[in-house]
Every structure is written in C-alpha cells, then in structure tokens.
Amino acid sequence: MLWSHEPGGRGGSSGGRGDQRKEHCNFSISDRLCFAILYSRPKSASNVHYFSIDNELEYENFYADFGPLNLAMVYRYCCKINKKLKSITMLRKKIVHFTGSDQRKQANAAFLVGCYMVIYLGRTPEEAYRILIFGETSYIPFRDAAYGSCNFYITLLDCFHAVKKAMQYGFLNFNSFNLDEYEHYEKAENGDLNWIIPDRFIAFCGPHSRARLESGYHQHSPETYIQYFKNHNVTTIIRLNKRMYDAKRFTDAGFDHHDLFFADGSTP
C-alpha cells in the first residue's frame, strides 16, 4: 500500500508541469511498520514514531560503490526494528522508517527494510520488492567497487534473493550471528575477513610480503592469517590477484596454495 503527495496536487497524480518528483511515498510493511521516502524531516506524534538510519548505518565506499550495507548493519537494523515494535511506550504507535532525497541512501534504506521483510516477516523476495516499488517507485542499482562506468549492476531484488537463499542453506542465521566477531574481522586493520559459506569458504584481503601501513591502508603478511586459519580448519589458499608474497610462507605452514589470477572486475 502506498500514499503519495506530489507538487501541485492534494494527493494522487498532478496534472501540472514542472517537477513531477514525488515528495512523499509511504509503504505499509506490516500493520504497524511503514517505510517512507520523505523530502522534509517529519515530526513524531502521539500515534506515530519516525526514525531514520541514513546517517547511522553508512556504507564505507572504495570508489563509486555505495552499497549494499553489510550483514552487521542488517543485523543491527533488524534488532532496532524488533526493539521498537516491542517497546511498551510505542505499542499504540505506527513505526515509520523514513529516508530522504539522497538516492543512494534510499537504495540502502530500502535494502534494509526489504531484508527485514524476508528474514522476519516471511515475505518472498518478490513480495518484498513489489511492496517497495509500488506506485512506480524506483531505486538506483548497486554497482561494483571500481573506477569509471559500470557494466554490471545488482538490484534490490537480487539482494533479497541472496538473503533468502543464504537462509535456506543455513549460511545466514541471526539467532546465532556473532556481531562482535563479524565487525572485528571485517575491518581492514584486523584482516578484512568475511565468511562466505560458514566454516567452508572465507574471503580475505590479499597478503603482502610484510605487514605495514601504506598510505593509510593496512597491509598484512601471510603470518597474520595463519593462526586464525588453523583455528578454523582452513586447508587451502587460492590467490586471485598478483603475487605480493611468497606462497611458500603458506605451504610451509601446512596449507595448500593455488593461483587463479583474474583481471579486476572480471570473473575468476
């Protein structure tokens, strides 16, 4: 369900010329939860509570990329929603998550509320997506972390399908999600590690010949990762980028090591 107000009209569509951009778009997510795109900051009232995460959960970009937000932020968002819905002081209030005019933040906000629908409300990816695009609302797609133009985009629907599949295969379970560990190891200074498939497949920042801080970026030696890998039963290292370290430093520690170089932005 959507309610909109446009310039030059009292609701619905405007017949006038000029800016046809919708000033307000409200989407009903559940009986008490709503998502809104607003071009002016709203004020909470006795029967409605507004909140925004636009400046709270923010994506750290490399170049022209802007999202989607990581799993820790999805987890924090879902916890925030559940806490608000269960709050005694808000039991009689509508909870409205609103975002502003920044299209990148609109996409990330819609991503979060869509993930909540899939994870906690049992909506299919298509159902969640249809709610968010009702009334011809659109969102800019996510792009890769590279310079220049992008020739491959990821839509909100793609993201919702990924979350649903991760849940189906047990890759994602917020009942056992370790927020502290995730946020610690995903930082560059702590190794830039992320489990793609829990206990089976991990991605990490390519090591260098020695550990150092180079132009503000943390570079790690192979030895930085060895003990963590052993503790988590990692057996094989696959290097995807150019040779910045001697593979013997991993093989001497008991790991298999393979090279699978591919051009940045292409398919391995």
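Buried area is the accessible area (1.4 Å probe) that two parts lose on being put together, summed over both. I wanted that value for the two domains of this predicted model.

**Entry 1: the domains.** I looked up the domain assignment. It gives domain 1 as 25-169 and domain 2 as 179-259. I then took the centres over C-alpha atoms; domain 1 and domain 2 are 32 Å apart by that reckoning. Five residues of domain 1 and four residues of domain 2 make the contact.

**Entry 2: the buried area.** I computed about 460 Å² buried between domain 1 and domain 2. Carbon and sulfur atoms give 61% of that area. Which three residues supply the most on the domain 1 side? I found N70, A72 and R76, with 66% of the area that domain 1 buries against domain 2.

**Entry 3: polar and charged links.** I counted one salt bridge between domain 1 and domain 2. R76 and E183 meet through their side chains in a salt bridge, at 2.9 Å from N to O. The cut-off is 4 Å, so this pair qualifies. For polar contacts across the interface I got two residue pairs, both at pLDDT 80 or more. I also sorted the domain 1 residues that touch domain 2: three are nonpolar, one is polar and one is charged.

**Entry 4: the record.** I checked UniProt, where the entry is unreviewed. Its annotation "domain: Dual specificity/tyrosine protein phosphatase N-terminal" covers residues 29-166. In the model, I find residues 29-166 to be 39% helix and 12% strand. The end C-alpha atoms of this span lie 22 Å apart.

Technical notes. Residues are numbered from 1 along each chain as its sequence is written. This is a predicted model: local features need pLDDT of at least 70, side-chain atom pairs count only at pLDDT 80 or more; totals for chains, interfaces and linings use all residues. Side-chain values use heavy atoms; hydrogens and water are left out. Domain bounds come from an automatic or database domain assignment. Contact means heavy atoms within 4.5 Å. A polar contact is a pair of N or O atoms within 3.5 Å; within protein, one must be able to donate a hydrogen and the other to accept it, and residues adjacent in sequence count only if both atoms are side-chain atoms. Ala, Val, Leu, Ile, Met, Phe, Trp, Tyr, Cys and Pro count as nonpolar, Asp, Glu, Lys and Arg as charged, and the others, Gly among them, as polar. UniProt positions are given in the numbering used here, feature names are shortened, and annotations may be inferred rather than shown by experiment. Helices (H or I, at least four residues) and strands (E, at least two) are DSSP runs, numbered from the N terminus.
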